[in-house]
Amino acid sequence: MAVEKIIVPVIDLAKFEEEKEKLMVAVEELGCFRVINHGISEKIMADMKALVEHLLKLPTDVKQRNTDVISRSGYIEPNCLGPLYESLGIYDASSSIDIHTFCSLLDISSHDREILSTFASKLHDLIVDLAFKVGQGLGIKDCSFQEWSCNLRMNKYNFTKETVIGTYESNEGFEIMGSMGNFLAVDPVPGTFFVNIGDMGKKPKPRITIVLFILAPKDNKIEPQAELIDYEHPKLFESFNYMKYRKNRGSTTSIAVLDLLVRHLCARVVDGDTMASATGWLVFVSDVVSRDIGLQSVHRLDLTGVLSSDLRVLSDLSVQQEDRGLFLLALRGLLTVVPVLILTEFGLDNVIMAMEEIKVPIIDLANFEVEKEKLMEAVSGLGCFRVINHGILEAIVVDMKALVRYLFELPYKMKQRNINIFPNSGYVEPSRFSHLYEGLGIYDASSPFDIQAFCSLFDLSSHDKSLSKLLSTYATKLHDLIVDLASKVAEGLGIIEFSFQEWPCHLRMNRCLFTKETMLGTCGVNTHSDTSFITILLEDDSNEGLEILDSFGNFVAINPVPGTFLVNIGDIGMVWSNGRLHNVKHRVICKKSKPRISITLFMQGPKDSKIEPRAELIDSEHPQLYQSFDYLEYRKVRGLTATMVGDVLHNWVIAEPAIMP
Ligand SMILES: O=C(O)CCC(=O)C(=O)O
Ligand SMILES: [Fe+2]
């Protein structure tokens with residue numbers, strides 16, 4: 001928080017002639033000022049604040065009717081980046097149509113309409129007058145801002161007793177950045193308007209503000225005024241379209257993300273433990289710096305989309321000496337380095353939810369002859385497909401889901417009995433990395449012995465004999481299915497009569513603990529590629545949230561299709577096929593405020609654990625991409641790095657796989 005306060009210059013509009021110089025110093029140096037004698041009565045100001053408080057208390061579905069006209073001009077709901085901020089907006093408050101539309105959509109009473117339109121029109125007159133005064137001060141003679149659009153925003157910051165004082169987002173709490181780059185606190189002065197910016201919690205109560213922004217001239221063309229360009233002041237910006245600029249701002253939250261990260265980073269830097277316990281770092285680095293320090297591989301990662309164009313995210317730097325070097329660069333302001341665990345804690349790997357849904361190809365196993373081509377296209381392109389006519393009865397699926405829900409409700413101490421045989425093969429409890437994820441696992445579901453061992457951990461047989469029967473039926477049937485699917489894929493690659501029968505298959509039951517308190521968009525399962533050859537997933541039909549990364553590097557939503565299983569390729573499939581199969585990256589985000597379960601069967605690798613590209617798939621056109629490696633070794637390396645920042649196969653890479661078109 002700012003330690004210093006600043007008194008913002010006050011401009012008395014009743015005696016403006018004397019104030020002209022003060023105004024220009026304020027706008028040029030500090031970038032803001034206050035106005036008094038502005039002609040808007042305290043009554044109107046108070047009525048308007050009360051109205052805004054009332055409007056922001058309306059039910060969410062009513063507020064949502066206030067849709068965007070341009071990016072972020074309408075209702076803004078609290079989200080991961082601004083969990084305490086909520087806002088309603090009128091796109092152009094100088095237009096009576098816009099005000100009328102807003103009032104009708106939100107069913108605002110005629111008395112309140114009167115308050116809103118009086119306030120908007122008076123504030124519009126004021127802002128036009130102030131902009132004109134500033135223009136004149138700059139030496140622009142006839143500048144009229146009458147026709148410029150003016151966006152009115154009504155903001156609420158939901159500070160409560162639980163909010164840590166100093167939390168970024170707004171009662172006093174308003175801070176501006178001084179010319180030395182430090183923040184200065186600005187306290188409110190009743191009866192004035194603050195003309196012109198940042199917001200921070202200082203009191204444990206909601207804070208309401210109302211803001212009018214002059215946006216752009218009617219034609220939306222923004223460019224430096226000709227009168228202000230001369231030999232000493234060359235033109236700084238090309239002309240551009242305001243709408244395009246807004247779109248760009250809307251699709252990048254770069255400044256906000258970086259600012260948030262830097263704040264949290266600074267808070268933690270002093271804490272040596274954070275450095276020691278971080279399993280990875282995300283480094284935000286400009287292209288120029290990355291070349292200078294010899295980091296050539298710039299991976300496209302989840303956050304790329306939210307960073308401005310000159311920034312990239314470098315992945316997966318485990319904490320080693322070099323990283324400490326990077327850390328020092330960061331402290332010198334050259335890079336921003338963020339421990340992965342901090343990112344995860346703040347749910348920042350899911351800053352952007354997928355906007356689009358994708359329909360995954362459906363393979364009809366009852367009619368497989370005609371589906372072969374579709375299958376191969378799916379596994380080499382998207383990396384996943386659905387199956388129908390798979391022969392697993394609906395009743396078994398329903399009962400299995402109920403069993404999984406039952407198991408997760410068992411006491412923690414019981415769930416802990418499901419110990420690891422290899423990293424994360426047993427009970428995985430919510431952790432700092434995945435605070436909403438919980439999992440149980442059967443080491444090898446193709447082994448009746450493992451199934452029985454799992455059942456006895458939870459006394460399933462004594463509880464109800466049919467439960468252990470159910471589990472073993474499901475495991476056997478799914479095992480048959482996965483062996484069949486793996487063979488079909490292998491055949492498609494030209495590898496005939498290869499048997500996957502003996503490959504261990506790991507069964508996992510997953511639960512994402514989404515509740516009413518979970519912000520929509522929070523990650524339940526962080527971005528990862530599977531550690532399998534192939535995976536069969538049974539989704540929660542009543543709770544979507546799975547997203548996959550498409551070939552453009554964007555997340556797209558996959559919605560459940562009841563009666564089908566989703567099948568996807570994992571890392572081992574990609575290595576075994578020498579890069580022919582695509583190990584699709586995916587994640588689960590919260591879309592509904594209730595727990596979400598799923599069941600996965602992962603076909604891992606051959607029994608001897610040796611993973612390598614098949615000789616048949618290596619030739620002069622397809623050089624060998626990976627050296628052979630041991631499956632458990634690979635799992636160990638995966639376990640040591642945060643899976644959210646990409647796969648670890650580069651440890652065994654011989655040649656880079658061709659970039660997918
Ligand atoms: O729960 C889901 O839908 C996906 C789970 C998953 O990706 C996994 O277990 O690897
Ligand atoms: Fe997965």
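Trainee: What makes the 40 Å reach of α5 close to the expected one?

Mentor: Helix α5 has 28 residues and spans 40 Å from its first C-alpha to its last. The expected span is 1.5 Å times one less than the number of residues; for α5 that gives 40 Å, so the two are close. "Helix" here is a DSSP run of H or I with at least four residues, "strand" a run of E with at least two, both numbered from the N terminus. Bear in mind that this is a predicted model, where local features need pLDDT of at least 70 and side-chain atom pairs count only at pLDDT 80 or more, while totals for chains, interfaces and linings use all residues. As for bookkeeping, residues are numbered from 1 along each chain as its sequence is written, chains are lettered from A and ligands numbered from 1 in the order in which they are written, and side-chain values use heavy atoms, with hydrogens and water left out.

Trainee: How long is helix α17, and what follows it?

Mentor: Helix α17 (residues 465–492) has 28 residues and reaches 41 Å, close to the 40 Å expected. Just after α17 comes Gly494 with a positive phi of about 95°. Back at α5, the helix is followed by Gly139, with a positive phi near 95°.

Trainee: Why do Lys133 and Asp129 count as about one helical turn apart?

Mentor: They sit four residues apart in α5 (residues 110–137), and that spacing is about one turn. Their side chains also meet in a salt bridge at 2.9 Å, N to O. The term asks for a side-chain nitrogen of Lys or Arg within 4 Å of a carboxyl oxygen of Asp or Glu, so 2.9 Å passes. In general, side chains of opposite charge can pair when their charged atoms come close.

Trainee: Is Lys133 buried or exposed?

Mentor: Buried means under 20% relative accessible area, exposed over 50%, and partly exposed in between (1.4 Å probe, protein chains only). Lys133 has 16%, so it counts as buried. Asp129, at 27%, is partly exposed.

Trainee: What sits over the ring of Phe16?

Mentor: The charged end of Lys133, 4.7 Å from the ring centre. The test wants NZ of Lys or CZ of Arg within 6 Å of the ring centre and within 35 degrees of the ring normal, so 4.7 Å meets the distance part. Lys488 does likewise over Phe368, at 4.7 Å.

Trainee: How many salt bridges does the structure hold?

Mentor: There are 20. One of them joins Glu547 and Arg587 at 2.7 Å. That pair links distant parts of the chain, with Glu547 in strand β21 (residues 546–549) and Arg587 in strand β24, 40 residues apart. Both Glu547 and Arg587 are buried. Another bridge is Arg614 with Glu616, at 2.8 Å. Arg614 has 22% relative accessibility, so it is partly exposed, and Glu616 at 45% is partly exposed as well. Shared partners also join Glu409, Lys415, Glu438 and Arg511 into one network.

Trainee: Why is the pair Tyr412 and Tyr427 called edge-to-face?

Mentor: Rings of Phe, Tyr and Trp (its six-membered ring) pair if their centres lie within 6.5 Å; planes under 30 degrees apart are stacked, over 60 edge-to-face, the rest tilted. By this rule there are 16 aromatic pairs. The centres of Tyr412 and Tyr427 are 6.2 Å apart and their planes stand at 65°, so the pair is edge-to-face. Tyr412 lies in helix α14 (residues 412–415) and Tyr427 in the loop between α14 and β17 (437–442), 15 residues apart. Tyr412 is partly exposed at 37%, while Tyr427 is buried at 11%.

Trainee: What makes Phe500 and Trp503 an edge-to-face pair?

Mentor: Their centres are 4.9 Å apart and their planes at 65°, so both tests are met. Phe500 is buried at 0%, and Trp503 is buried at 5%. They belong to one aromatic cluster with Phe498, Phe533 and Trp576.

Trainee: Which protein atoms are donors of the iron ion (ligand 2)?

Mentor: His528 (NE2), Asp530 (OD) and His586 (NE2), at 2.1 to 2.2 Å. Donors are N, O and S atoms within 2.8 Å of the metal (3.2 Å for Na, K and Ca), so these qualify; water is not among the atoms, so sites may look incomplete. The spacing along the chain is H-x1-D-x55-H. His528 in strand β19 (residues 523–528) and His586 in strand β24 (residues 586–589) are 58 residues apart. His528 is buried at 15%, and His586 is buried at 10%.
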